[in-house]
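Biologist: I should like to learn how the features of a model of this kind are read. Please give the general idea of each and then the case at hand.

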Amino acid sequence: MQNYNIRFGTNINHQYNYEQAKRLLITFFGAVEFTQATYSRDYTADPADTTASTYLNFYARITTSLPFSRLRQMLKEAERQMGRTAERKAQGIIDADFDIL
């Protein structure tokens with residue numbers, strides 16, 4: 001068994017995507033430890049840009065016997081299930097972003 005820390009972020013439909021992401025992680029991995037959600041400004045945006053996206057983020061700790069490659073594949077599929085597409089990302093819309101830390 002391996003422990004992993006996962007970061008989740010979204011810049012649209014914050015509450016809905018937050019709840020959906022938590023449900024997916026619990027469905028995939030059972031017992032999951034979550035941090036409190038926080039809001040942050042898009043760190044890639046120009047500091048003078050007052051229209052920059054606000055992200056909702058949280059961290060989760062999981063334990064799994066899955067190989068890293070399968071874990072990554074599952075999280076990418078979860079992003080797609082939550083509406084993430086290349087087109088939306090190009091428009092700056094991030095429905096779901098899971099990162100394995």
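The dialogue below moves from the whole chain to single residues.

Biologist: On what basis should the values be read?

Modeller: This is a predicted model, in which local features need pLDDT of at least 70 and side-chain atom pairs count only at pLDDT 80 or more, while totals for chains, interfaces and linings use all residues. Residues are numbered from 1 along each chain as its sequence is written, and side-chain values use heavy atoms, with hydrogens and water left out.

Biologist: How many helices and strands does the protein chain have, and what pattern do they follow?

Modeller: Helices (H or I, at least four residues) and strands (E, at least two) are DSSP runs, numbered from the N terminus. The protein chain has 3 helices and 5 strands, and along the sequence they follow the pattern β-α-β-β-β-α-α-β. The radius of gyration is 14 Å, close to the 13 Å given by the globule rule for 101 residues, so the chain is as compact as a globular protein of that length. That radius is taken over C-alpha atoms, and the globule rule is 2.2 Å times the number of residues to the power 0.38. Along its principal axes the C-alpha trace spans about 45 × 30 × 20 Å.

Biologist: What share of the residues is buried, and what area does the chain expose?

Modeller: A residue is buried under 20% relative accessible area, exposed over 50% and partly exposed in between (1.4 Å probe, protein chains only). Buried residues make up 38% of the 101 residues. The protein chain exposes about 6200 Å², of which carbon and sulfur atoms supply 50%. Such areas come from the Shrake-Rupley method with a 1.4 Å probe, and for residues only the protein chains shown count as cover.

Biologist: What share of the contacts joins residues at least 24 apart?

Modeller: Contact means heavy atoms within 4.5 Å. Among contacts between residues at least 6 apart in sequence, 69% join residues at least 24 apart.

Biologist: Is T10 buried or exposed, and what does its side chain reach?

Modeller: T10 lies in strand 1 (residues 2–10) and is buried, with a relative accessible area of 0%. A polar contact is a pair of N or O atoms within 3.5 Å; within protein, one must be able to donate a hydrogen and the other to accept it, and residues adjacent in sequence count only if both atoms are side-chain atoms. The T10 side chain makes such a contact with the side chain of N17 at 3.1 Å, and it reaches the backbone oxygen of D95 at 2.8 Å. Leaving aside neighbours within four places in sequence, T10 is in contact with N17, T54, Y55, L56, I94, D95 and A96.

Biologist: Where is I94 found, and which residues does it touch?

Modeller: I94 is in the loop between helix 3 (86–90) and strand 5 (97–100), and at 9% relative accessibility I94 counts as buried. Not counting residues up to four places away in sequence, I94 touches G9, T10, N11, I12, Y55, R84 and K89. The C-alpha atoms of I94 and Y18 are 76 residues apart along the chain and separated by 12 Å.

Biologist: Helix 2 is my next topic. Which residues do E79 and M74 contact?

Modeller: E79 is in helix 2 (residues 68–81) and counts as buried at 4% relative accessibility. Leaving aside neighbours within four places in sequence, E79 is in contact with R84, A96, D97 and F98. M74, also found in helix 2, is buried with a relative accessible area of 13%. With residues up to four places away in sequence not counted, M74 touches F28, F29 and L66. M74 and G92 are 18 residues apart in sequence, and their C-alpha atoms are 23 Å apart in space.

Biologist: What is the phi of N13, and where does N13 lie?

Modeller: Phi of N13 is near 45°, a positive value in a residue other than glycine. N13 lies in the loop between strand 1 and helix 1 (14–29) and is partly exposed, with a relative accessible area of 49%.
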